[in-house]
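Reader: I have a protein model open and do not know where to begin. Could you walk me through it?

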Amino acid sequence: MEGSAGLAALKQLSRLGKQAILIEAGSKIGSKNLSGGILYSKKPKNGQVTNVEQLYENFLEDAPIERKITKYILHSTSQDKVYSMDLTAAHDYQANFGYSVLLNKLNSWFAIQAEEAAAKLGGGIIPGVHVKSITRNENGTLIIQTDELDDFEVKAIIAADGVNSEVAEMVGARKKFTPQQLYQGVKVIVKLPEEIIDERFGISTDEGCCTSLCWAI
Ligand SMILES: Cc1cc2nc3c(=O)[nH]c(=O)nc-3n(C[C@H](O)[C@H](O)[C@H](O)COP(=O)(O)OP(=O)(O)OC[C@H]3O[C@@H](n4cnc5c(N)ncnc54)[C@H](O)[C@@H]3O)c2cc1C
């Protein structure tokens, strides 16, 4: 399942020498993936994380990332009043960086890296295939049924099929969300010349600013 999580799993399994395939319902890489726009790398004092630049060694040099976020501001507005808070220090706490990204572009880049690593072990990515059922064999292996391919057997699966995970429902880990548990969001991308972005947000061309608004409607 080819969001950032599935691609990271494929890359990491390949690094560990395990043969793996990634099955994705969407026919085009990145076509079903969305984010608000900032990719973070963290350095928590406790616990361990594997950051994107560790998994993809050439990430900072080659990945299609946009601006390094150097300023995080939250504006709280009500009628004609605004109260602004600078949250930069809070964001910088235990963090390596945050970059603005367009996830469909970035996932296409992740996919090239992950597929290259997987192919060396006979694995890879199969787009345009929807997993519809998972059952367990008597010998403990799993049978995968899809809408497009003949049934096949695997030793293990990683469900990386997003927040509305059908795999979680198939294996009985979670029930389908009800409409009351969900909300709908709309994302709009506004394209502006570099110098206007710099001027409006008070940054230089290699910097980015994350501005959040919280207001009474
Ligand atoms: C509006 C918005 C703003 C966000 N902003 C940020 C942000 O600024 N920074 C941040 O870090 N995170 C942000 N997030 C969260 C982040 O985008 C998600 O956590 C992340 O994209 C999830 O990736 P994923 O790989 O787990 O799942 P997804 O990207 O949802 O990928 C799941 C994939 O599985 C496939 N799939 C699903 N079911 C099947 C099936 N049965 N068979 C085959 N394939 C299947 C889908 O086609 C899809 O490609 C935001 C999310 C939203 C919605």
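**Reading the model, feature by feature**

Author: Begin with the backbone just after α1, where Gly17 takes a positive phi of about 80°. Keep in mind that this is a predicted model.

Reader: What is the length of α1, and what span is expected for it?

Author: Count residues, then compare the end-to-end reach with the rise per residue. α1 has twelve residues. From its first C-alpha to its last it reaches 16 Å, close to the 16 Å expected at 1.5 Å a residue.

Reader: Which residues of α1 are buried?

Author: Burial is judged by counting neighbours: a residue is buried if 20 or more other C-beta atoms lie within 10 Å of its own. In α1, that gives Gly6, Leu7, Leu10, Lys11, Leu13 and Ser14. Look down the helix axis next. The buried residues of α1 fall within an arc of 165°, so they line one face of the helix.

Reader: What covers the buried residues of α1?

Author: The cover includes β1, α2 (52–55) and α5.

Reader: How do I read a nonpolar core?

Author: Look for the members that touch the most others. The largest nonpolar core has 24 residues. Leu7, Leu10, Leu22, Phe110, Ala111 and Ala114 touch the most other members. Then ask where the members come from. α1 (4–15), β1 (21–24), β3 (65–78), β5 (95–101) and α5 (103–119) each supply at least two residues of this core.

Reader: Which element gives the most to this core?

Author: That is α5, with seven residues. Leu7 and Leu10 deserve a second look: both are buried in α1, and both are among the core members with the most contacts to other members.

Reader: Now the sheet. In what order do the strands of the open sheet run?

Author: Trace the pairing from strand to strand. Three strands form an open sheet in the order β7-β8-β9, with antiparallel pairing. The edge strands are β7 (131–136) and β9 (152–154), each pairing on one side only. From one strand to the next, the twist averages 30°.

Reader: How many bridges join β8 and β9?

Author: Strand β8 (residues 142–146) pairs with β9 over three bridges, in the antiparallel sense. For a landmark, find Ile144, which stands opposite Phe152 in β9.

Reader: And the whole protein?

Author: Zoom out last. The protein holds seven helices and ten strands. Its C-alpha trace spans about 65 × 45 × 35 Å along the principal axes. Of its 217 residues, 19% count as buried. Finally, check how far apart in sequence the contacts reach. Among contacts between residues at least 6 apart in sequence, 63% join residues at least 24 apart.

Technical notes
Residues are numbered from 1 along each chain as its sequence is written. This is a predicted model: local features need pLDDT of at least 70, side-chain atom pairs count only at pLDDT 80 or more; totals for chains, interfaces and linings use all residues. Helices (H or I, at least four residues) and strands (E, at least two) are DSSP runs, numbered from the N terminus. A residue is buried if 20 or more other C-beta atoms lie within 10 Å of its own, exposed if 12 or fewer, and partly exposed in between; C-beta atoms are placed from the backbone. Two residues are in contact if their C-beta atoms, placed from the backbone, lie within 7 Å. A nonpolar core is a set of buried Ala, Val, Leu, Ile, Met, Phe, Trp, Tyr and Cys residues joined through C-beta atoms within 7 Å. The expected span of a helix is 1.5 Å times one less than its number of residues. The arc is that of the directions from the helix axis to the C-beta atoms. Two strands pair if DSSP finds at least two bridges between them. Axes are lines fitted to C-alpha atoms, for helices over the stretch in contact, and angles run from 0 to 180 degrees between N-to-C directions.
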